[in-house]
Amino acid sequence: MGLIEAIILAVLAASTPLLLAATGELVTERSGVLNLGVEGMMIVGAACGFGGAWLSGSVIIGALCGIVAGVLMSLIFALMTLGLAVNQVATGLALTILGIGLSGLIGSRFVGEKISLAPHLYIPGLTDIPLIGRILFGEDAFVYLSLALVAGVWFFLYKTRAGLILRAAGDNHASAHALGYSVLRIRMFAVMFGGACAGLAGAYLPLAYTPFFIPGMTAGRGWIALALVVFASWLPGRLVIGAYLFGAVTILQLHAQGWGVGIPSQLMSALPYLATVIVLVLISRARTGGSTAPAALGTVFVPDR
Amino acid sequence: MQLVLEKRAERSNTIALISPLIAIGLTLVTMSILFAILGKNPISALGVYFIDPLTDSYSLQEIAVKATPLVMIAIGLSLCYLANAWNIGAEGQFLVGAVAGSWLAVKTQGTDAGPWVLPAMMLLAAIGGALYALIPAICKVRFGASEILTSLMLVYVADLLLDYLVRGPWRDPKGFNFPTTAEFDPVAAVPALIEGGRLHLGGVIALVVVAAVAVLLGKTIKGFEIRVVGAAPRAARFGGFNSNQLILLTFAISGALAGLAGIIEVAGPVGHLQPGISPGYGFTAIIVAFLGRLNPVGILIAGLFLALTFIGGEQAQIAMKIPLDVTKVFQGILLFYVLACDSLILYRFKLVFASPKVSSGAH
């Protein structure tokens with residue numbers, strides 16, 4: 001296997017959790033809700049995903065555990081911000097703080113254990129094609145799932161009536177409400193979808209990336225996923241580009257550390273975070289003409305009875 | 001059955017006063033359930049957490065020591081949050097302050113520098129923290145980049161910067177390869193208040209900060225502007241207040257306070273620069289700020305309470321083998337309840353048993 005091929009495979013693997021989490025958050029934000037708790041939902045998803053897989057011996061059950069954990073976390077957020085009209089920024093932070101604590105609590109008994117990673121696709125003939133075979137036909141199921149999810153979300157948002165209603169709730173909740181749609185119910189489902197994706201993204205890490213659970217193993221990926229949604233201007237297609245770019249930065253800095261280019265390893269490790277800041281600045285600057293964010297993003301809605 | 005919010009005619013001042021207490025009460029009930037799930041006796045666990053640390057002098061001093069950074073950081077954050085600017089990177093500003101101040105301590109090590117060293121370190125730390133906080137603030141006002149995400153990303157960068165320094169250029173040559181600087185000279189150390197005790201000068205500085213910010217918010221025009229910009233942005237625009245300038249100002253102040261807290265922690269209780277100098281003070285301070293209702297005196301009380309949970313958590317781990325993560329869970333749950341109870345100030349909760357006609361469809 002060539003070096004280039006190995007790097008591309010690693011980039012795809014590193015990008016997948018970002019893409020999964022960002023896709024979920026994109027739907028949440030399109031409905032008008034800013035859930036900053038992605039990191040918290042991811043880390044709980046990672047702990048529960050590993051636990052489920054370790055106890056059952058099945059990657060699929062692990063992934064399902066991660067999804068359920070993410071949804072449960074997101075329901076706390078929905079209850080607070082939709083049910084009780086609490087500030088979304090503060091609630092999202094609380095969700096992350098709670099998630100970091102919970103994952104440590106849940107995951108402490110699994111630290112030091114090991115599972116076998118999710119198997120990679122193998123189609124005789126196709127996977128054996130030199131250079132592109134393993135990249136196109138030799139990934140783990142999550143990589144394909146994440147791309148299918150983006151396509152599905154694009155189709156849902158732009159080609160279905162339900163997607164149109166969801167976007168309406170995110171752009172002008174008063175109008176959507178006046179038309180007779182239950183803004184809070186739409187937003188609740190959007191938040192739950194975001195939770196499911198974040199939980200799955202978290203579970204991806206111990207199930208398909210590294211075969212063990214470490215406290216804090218999400219290492220800010222949830223926050224980077226949030227930045228990716230901004231980077232993508234809330235458009236699903238651009239998420240793929242953004243996620244793979246960030247995955248590339250992550251992997252290249254790891255390789256650069258390996259080659260020993262004489263730059264402190266800490267500076268290389270800081271690259272994905274610095275890149276996020278720079279990208280946010282560049283994207284926001286380019287958009288001075290008008291924001292592409294959902295107009296009602298982050299605002300509280302209390303139906304007037 | 002459905003829970004419905006009804007807007008109050010005006011904010012309830014009674015509830016504003018007691019809502020933190022309701023939140024703490026609900027948190028204690030939830031924690032009891034969690035302890036029971038973990039197979040521990042809830043009553044004795046709560047006792048170890050919240051009563052035992054109050055019964056001996058060492059723990060009491062330790063609470064004050066832990067509350068010092070929490071209160072200083074939270075006071076700064078409260079200014080940001082009042083102005084509706086979301087600085088959540090105080091942890092990074094804390095670390096950069098610690099690094100900036102430690103630079104002088106490392107450079108003057110072993111020289112016969114005078115007692116000016118410590119004040120100069122504090123000044124450097126405050127400037128370092130403020131400059132670091134200004135990065136997301138400038139990105140926000142100049143380019144419109146979300147200060148939430150940029151300030152948080154810079155936490156990871158600060159963590160790596162500190163790690164690099166103590167493993168590289170600043171490592172103690174006699175430190176057996178441990179990633180730490182040498183122990184600071186006495187002139188670079190924050191003096192203890194009582195000989196041999198844990199209490200140090202930092203506690204006094206924190207109290208001064210509380211008083212100063214209380215005056216700033218209550219008695220000055222700038223404080224008034226900060227409160228108006230957050231509470232009524234439209235009114236602030238009509239009043240001609242410069243909200244961008246206030247974002248820069250509040251970020252700078254909160255960064256300076258976080259940085260100052262950082263050097264006080266390093267030159268005080270820790271004594272040298274090393275990784276892991278903060279058990280998440282910058283994040284816990286967010287909870288302190290909200291639990292204290294973004295009010296300086298409230299933050300002082302909230303800071304002492306959250307410090308109690310750190311000490312109680314350590315004691316519960318030793319005495320009852322309760323995992324340290326329970327403290328983080330506790331802090332997260334507490335913040336949830338605080339925010340939920342705050343909703344009571346503006347809204348009345350109503351349980352509606354028949355399905356309300358409006359929320360379900362056309363009307």
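The exercises below work through contacts, helix packing and single residues in a predicted two-chain model.

Residues are numbered from 1 along each chain as its sequence is written, and chains are lettered from A in the order in which they are written. Because the model is predicted, local features need pLDDT of at least 70 and side-chain atom pairs count only at pLDDT 80 or more, whereas totals for chains, interfaces and linings use all residues.

**Exercise 1. Describe the side of chain B that touches chain A.**

Step 1: Taking two residues to be in contact if their C-beta atoms, placed from the backbone, lie within 7 Å, one finds 48 residues of chain B in contact with 42 residues of chain A.

Step 2: At least two residues each are supplied to this side of chain B by β1 (2-7), α5 (117-143), α6 (147-167), α11 (281-291), α13 (325-346) and α14 (357-360) of chain B, where helices (H or I, at least four residues) and strands (E, at least two) are DSSP runs numbered from the N terminus.

Step 3: By class, the side of chain B that touches chain A holds 33 nonpolar, 11 polar and 4 charged residues; Ala, Val, Leu, Ile, Met, Phe, Trp, Tyr, Cys and Pro count as nonpolar, Asp, Glu, Lys and Arg as charged, and the others, Gly among them, as polar.

**Exercise 2. Determine how α7 and α12 of chain B are oriented, and which residues meet.**

Step 1: The axes of α7(B) (residues 201-219) and α12(B) (residues 296-320) come within 9 Å and cross at roughly 150°, the axes being lines fitted to C-alpha atoms over the stretch in contact, with angles from 0 to 180 degrees between N-to-C directions.

Step 2: Angles over 145 degrees count as roughly antiparallel, under 35 as roughly parallel, 65 to 115 as roughly perpendicular and the rest as oblique, and α7(B) and α12(B) are therefore roughly antiparallel to each other.

Step 3: From α7(B), Val210(B), Val213(B), Ala214(B) and Leu217(B) meet Pro296(B), Val297(B) and Leu300(B) of α12(B), which gives a contact with 7 nonpolar, no polar and no charged residues.

**Exercise 3. Decide whether Phe231(A) is buried or exposed, and find its contacts.**

Step 1: Phe231(A) belongs to helix α10 (residues 221-231) of chain A.

Step 2: A residue is buried if 20 or more other C-beta atoms lie within 10 Å of its own, exposed if 12 or fewer, and partly exposed in between, with C-beta atoms placed from the backbone; Phe231(A) has 23 such atoms within 10 Å and is therefore buried.

Step 3: When neighbours within four places in sequence are left aside, Phe231(A) is in contact with Gly242(A), Val279(A) and Ile283(A).

**Exercise 4. Place Ala85(A) and Asn177(B), and state how exposed each residue is.**

Step 1: Ala85(A) is not a glycine, yet it has a positive phi of about 55°, and Asn177(B), likewise not a glycine, has a positive phi of about 65°.

Step 2: Ala85(A) sits in the loop between α3 (59-83) and α4 (88-107) of chain A, while Asn177(B) sits in the loop between α6 and α7 of chain B.

Step 3: Ala85(A) counts as partly exposed because it has 18 C-beta neighbours inside 10 Å, and Asn177(B) is exposed because it has 9 other C-beta atoms within 10 Å.
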